[in-house]
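Grab a viewer and work through the exercises below. Each one sets a task and then walks through the solution.

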Amino acid sequence: MIWRTFLTNHDSCSTFLPVMRNHGDRSLGEPGGKEEIRAADGSIRLQSGADNELWSFGDEMESVIVKYIKLRESLRPYLRELFRQAQEEGQPLVRGLFYEFPEDETAHSIGDEYLFGPDLLVAPVVEANAEARDVYLPGECEWVELSTGRCWKGGQIVRAHAPLDVIPVFAKEGRSHGIQGMI
């Protein structure tokens with residue numbers, strides 16, 4: 001499903017990034033977008049102007065996007081704390097797994113997961129049509145899968161179910177910041 005990649009990369013996954021916004025060239029990958037952007041020499045630089053409001057992608061996509069906008073609003077207190085830490089201590093909001101788990105050798109080689117602050121492990125699904133993915137849970141702590149409530153021990157790979165409306169997110173030691181059950 002082409003929407004899986006679009007949705008993951010553009011809207012829902014940005015819930016777990018410093019800035020949540022919809023962006024892109026808005027041409028939906030089709031020639032003949034609503035507007036042609038031309039350079040001074042007349043050559044076409046970019047096709048743009050396709051609708052990109054959250055309702056523009058149909059009812060199913062709108063409900064998923066609204067779900068993640070509401071989830072983001074629930075994270076507001078956590079985000080304030082993360083931004084405070086960034087300003088006062090230089091702590092990044094988005095962290096490689098190795099940042100919080102420097103002793104975990106496996107965490108150093110994981111390139112498709114990240115921590116949003118110290119507590120939330122995000123494992124985006126970026127493979128088209130995938131409805132599950134393997135997730136490495138670092139450290140010797142407990143992780144709670146926020147879509148299911150299932151608890152896992154760190155230091156292992158688990159299989160996370162990820163239908164279109166689920167981004168695999170795990171809370172370290174159950175610190176879900178109020179979003180357990182919202183994913």
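**Exercise 1. Two helices**

At what angle do α2 and α3 pack, and how far apart are their axes?

Before solving it, some ground rules. This is a predicted model, where local features need pLDDT of at least 70, side-chain atom pairs count only at pLDDT 80 or more, and totals for chains, interfaces and linings use all residues. Residues are numbered from 1 along each chain as its sequence is written, and side-chain values use heavy atoms, with hydrogens and water left out.

*Step 1.* Find the elements: helices (H or I, at least four residues) and strands (E, at least two) are DSSP runs, numbered from the N terminus. α2 spans 59-74, and α3 covers residues 76-89.

*Step 2.* Get the geometry. Axes are lines fitted to C-alpha atoms, for helices over the stretch in contact, and angles run from 0 to 180 degrees between N-to-C directions. For α2 and α3 the angle is about 55 degrees, with the axes 5 Å apart.

*Step 3.* Classify it. Angles under 35 degrees count as roughly parallel, over 145 as roughly antiparallel, 65 to 115 as roughly perpendicular and the rest as oblique. That makes α2 oblique to α3.

*Step 4.* Pick out the contact, meaning heavy atoms within 4.5 Å. R72, E73 and S74 from α2 meet R76, P77 and L79 from α3.

**Exercise 2. The sheet**

Work out the strand order of the six-stranded sheet, and say which strands stand at its edges.

*Step 1.* Pair the strands: two of them pair if DSSP finds at least two bridges between them. The sheet is open, its pairing is antiparallel, and the order reads β3-β4-β5-β10-β7-β8.

*Step 2.* Look at the ends. β3 (94-95) and β8 (151-153) each have a single partner strand, so one side of each has no neighbour in the sheet.

*Step 3.* Zoom in on one edge. β3 pairs with β4 (residues 114-116) in the antiparallel sense over two bridges, and V94 sits opposite F116 in β4.

*Step 4.* Add the helix from Exercise 1. α3 packs on the sheet, touching β3, β4 and β5 (120-122), and its direction makes about 105 degrees with that of β4.

**Exercise 3. Aromatic pairs**

Describe the ring pairs F16–F116 and F101–W143.

*Step 1.* Set the rule. Rings of Phe, Tyr and Trp (its six-membered ring) pair if their centres lie within 6.5 Å; planes under 30 degrees apart count as stacked, over 60 as edge-to-face and the rest as tilted. By this rule there are three aromatic pairs.

*Step 2.* Take F16 and F116: their centres are 6.2 Å apart and their planes are at 85 degrees, so the pair is edge-to-face. F16 is in the loop between α1 (2-10) and β1 (35-38), while F116 is in β4, 100 residues apart. Both F16 and F116 are buried (under 20% relative accessible area; exposed is over 50%, partly exposed in between, with a 1.4 Å probe and protein chains only).

*Step 3.* Now F101 and W143, which form a tilted pair with 6.0 Å centre to centre and 50 degrees between the planes. F101 is in the loop between α4 (97-100) and β4, and W143 is in β7 (residues 142-145), 42 residues apart. F101 is buried at 9% relative accessibility, and W143 is buried at 0%.

*Step 4.* Check for a cluster: ring pairs link F16, Y78 and F116.

**Exercise 4. The core**

Which residues touch the most other members of the largest nonpolar core?

*Step 1.* Define the core: a set of buried Ala, Val, Leu, Ile, Met, Phe, Trp, Tyr and Cys residues joined through side-chain atoms within 4.5 Å.

*Step 2.* Rank the members. This core has 21 residues, and F16, F116, L120 and I183 touch the most others. At least two of its residues come from each of α2, α3, β4, β5 and β10 (169-172).

*Step 3.* Look for a separate core. There is another one of 15 residues, including L97, A107, V135 and A160.

**Exercise 5. Two positive phi values**

Where are N129 and E173 found, and how exposed are they?

*Step 1.* N129 isn't a glycine, yet its phi is positive, about 70 degrees. N129 is in the loop between β5 and β6 (132-137), and it counts as exposed at 54% relative accessibility.

*Step 2.* E173, also a residue other than glycine, has a positive phi near 55 degrees. E173 lies in the segment after β10 and is partly exposed at 42% relative accessibility.
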